[in-house]
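Q: I have a structure open and want to learn how to read it. Can you take me through some features, one by one?

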Amino acid sequence: MTERKKLYSLTPEHRAQLEPWRDKWIANAMSTAAMTHEDRVACTEAVFGLYEAAKIPAPKAVVFVPSPFVLAFAGGFAAAAIKNGKPLPPMRQQQIENPLWNAIYRATHAATQPDQMSIEAGRENFKFSPVIRTISEARVFLAQKPAAYPDFVGSPETRDDDGIPAADQLTKWYYLGCDMRALANELDVGTFGLRCAASSWRMWQGGNQWSGYDAFLSFFQDIAKLDLPVYEQYKHWRVLAERSGPRVVHPDFCIISDRPEVLTVDERNRPHSERGPFCRWRDGSSLYAVHGVRVPGWLIEYPDKLDIKAISSESNTEVQRLMIERYGWNKYVHDIGGETVDHHKRWGTLLRTPSGLVLKVTNRSPEPDGTFREYMLPVADECEPLPDPNDPNGRLGQPQPLTALNAVASTFGMTGKEYESVLAWES
Amino acid sequence: MIASIAHVSTRLQWYNVWSAIGDSISAPSWREIYIEMGILGALGQAAAIDGPEMAPMTAANDCLDDD
């Protein structure tokens, strides 16, 4: 008779460890510590272990880069170059003044042509680090020449306060400061390379960004002490989660990103910063958000540029709401020349502006802090019910009297009467 | 488009632990423990994971859209 395996049950002592264990991994996910030489050695070894555990050949190169942007683009460009089966153009011998460009340029070369990198590394006018190809190389570097152990491929230059990009470079919620199409062309991978970069999630593993999962998996290893043989294979994955950012894993190469130098959240753990990027890496690449809403960088770095034109041209309702809140609702209505056409306590205020009718409404669901958000919704000139946005042949409905109720109803594609009857039926 | 055999194979080391843990627990279930740990809510995963992880791919897609 086969002995039945004893299954684990959560004990009160182990339950008490859930929260501190979780918090330890949250700190790991939110870490802004730069990777050290020791981290890179441990991660190099872990990468080789990861491939070995998966019973696949070791990668030809392990490359360290300063940010996930470099990771995605260099990973995509390198994958494209390998797929094309065509060597990259020879490396230029002079750097240009753009850390992100340099990092992607070099990392793509390092991932696809590690031999060439090793040769070029000796030239003084082009200081970059050699690529690690074996575990023994990594160990030798650390044991004999700690200072010479490969640094990031690229310049981990920290931007100072005076180095804020110009407003016209901050039109999106992320900042790169680098023309990726030009770089793809210089590396001769073109649009295919950009497509591969856009698909780099296929090769993506989160490192410390996926700490949520590792908190759970490691709890049963360290606290519950389950004796699972699979932990022998998992240990490599865990080292990478504890000591590095995300990575791209490819049969020929593995590229590993550092952690950010800035990562801030609000009281509800949403991405948030009113004074600069909420997330920034050491190559200057950055992300902007306010209470979880991704906003164009200029809104944070150059708040004095916020005007009526910027607000009116913003197509994202959440971003527009944030802009109006910052501008001031009363000032906004005044400055757009808004005249009240109709007001109803429940349905909101219908305003006529030089650019058309708009409805100021208050969200009926409160925010967690008890406040109610206000939004500005565009309405058709005669409150005609709006067509289904997914219907390419959709048309406006029949004109209605200009009331706040009809305006609300029109945004749902209904007349005021239809909307009221739907609400009556639902209640 | 991208040869990602290595990615799939190495990720198995992670999937397999989930499976092995699930097979080794009686009560409460692994799902209940995972929820009780509360990591996803507390982590602020939009900050630490979603935004930083999505941004590079979004940037690459935007390059293609601009063509």
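Q: How much space lies in the largest pocket?
A: This is a predicted model. In it, the largest pocket holds about 450 Å³ of space.

Q: Which residues lie nearest the centre of that pocket?
A: Look at the lining. It has 19 residues. Arg346(A), Trp347(A), Val361(A), Thr362(A) and Arg364(A) are the ones nearest the centre.

Q: Which elements each supply at least two residues of the lining?
A: Four strands and a helix of chain A do. The strands are E12 (339-344), E13 (348-353), E14 (356-362) and E15 (374-379). The helix is H15 (404-411).

Q: Let me step back to the whole of chain A. How many helices and strands are there?
A: Chain A has 16 helices and 15 strands. It has 427 residues, and 53% of them are buried. Its exposed surface is about 20,500 Å², with 50% supplied by carbon and sulfur atoms.

Q: What share of the contacts in chain A joins residues 24 or more positions apart?
A: Take the contacts with a separation of 6 or more. Residues 24 or more positions apart account for 60% of those.

Q: How far apart in space are Lys55(A) and Ser315(A)?
A: Follow the sequence, then the space. These two are 260 residues apart in sequence, and their C-alpha atoms are 50 Å apart. Lys55(A) sits in the loop between helix H2 (37-53) and strand E2 (61-65). Its relative accessible area is 76%, so Lys55(A) is exposed.

Q: Is Val41(A) buried or exposed?
A: Check the relative accessible area against the cut-off. Buried means under 20%. Val41(A) has 9%, so it is buried. This residue belongs to helix H2 of chain A. Its C-alpha is separated by 47 Å from that of Arg326(A), 285 residues apart along the chain.

Q: How do I read the length of a helix? What does H10 of chain A reach from its first C-alpha to its last?
A: Compare the reach with what is expected at 1.5 Å a residue. Helix H10 (residues 231-243) has 13 residues and reaches 18 Å, close to the 18 Å expected.

Q: Where does H10(A) bend?
A: At Trp237(A), by about 25°. Trp237(A) is also one of the buried residues of this helix. The others are Tyr231(A), Tyr234(A), His236(A), Arg238(A), Leu240(A) and Ala241(A).

Q: Now the backbone angles. What sign does phi have in most residues other than glycine?
A: Negative, in most of them. A positive value is therefore worth a look when the residue is not a glycine.

Q: What is the phi of Lys225(A)?
A: Lys225(A) is not a glycine, yet its phi is positive, about 55°. Find it in the loop between helix H9 (211-222) and H10 of chain A. Its relative accessibility is 62%, so Lys225(A) counts as exposed.

Q: And where is His291(A)?
A: His291(A) is in the loop between strand E10 (289-290) and strand E11 (293-294) of chain A. Here too phi is positive, near 45°, in a residue other than glycine. At 27% relative accessibility, His291(A) counts as partly exposed.

Q: What does the secondary structure of chain B come to?
A: Four helices and one strand. Read from the N terminus, the order is α-β-α-α-α.

Q: What percentage of the residues in chain B is buried?
A: Of its 67 residues, 54% are buried. The accessible surface of chain B is about 2,900 Å², and 55% of that belongs to carbon and sulfur atoms.

Technical notes: Residues are numbered from 1 along each chain as its sequence is written. Chains are lettered from A and ligands numbered from 1 in the order in which they are written. This is a predicted model: local features need pLDDT of at least 70, side-chain atom pairs count only at pLDDT 80 or more; totals for chains, interfaces and linings use all residues. Side-chain values use heavy atoms; hydrogens and water are left out. Buried means under 20% relative accessible area, exposed over 50%, partly exposed in between (1.4 Å probe, protein chains only). Contact means heavy atoms within 4.5 Å. Accessible areas come from the Shrake-Rupley method with a 1.4 Å probe; for residues, only the protein chains shown count as cover. The expected span of a helix is 1.5 Å times one less than its number of residues. The bend at a residue is the angle between axes fitted to the seven residues ending there and the seven starting there. On a 1 Å grid over the protein atoms alone, a cavity is a set of points where a 1.4 Å probe fits but cannot get out, and a pocket is an open set with protein on both sides within 12 Å along at least five of seven lines; lining residues have an atom within 4 Å of a point. Grid points are joined across faces, edges and corners, and a volume is the space filled by probe spheres set on the points.
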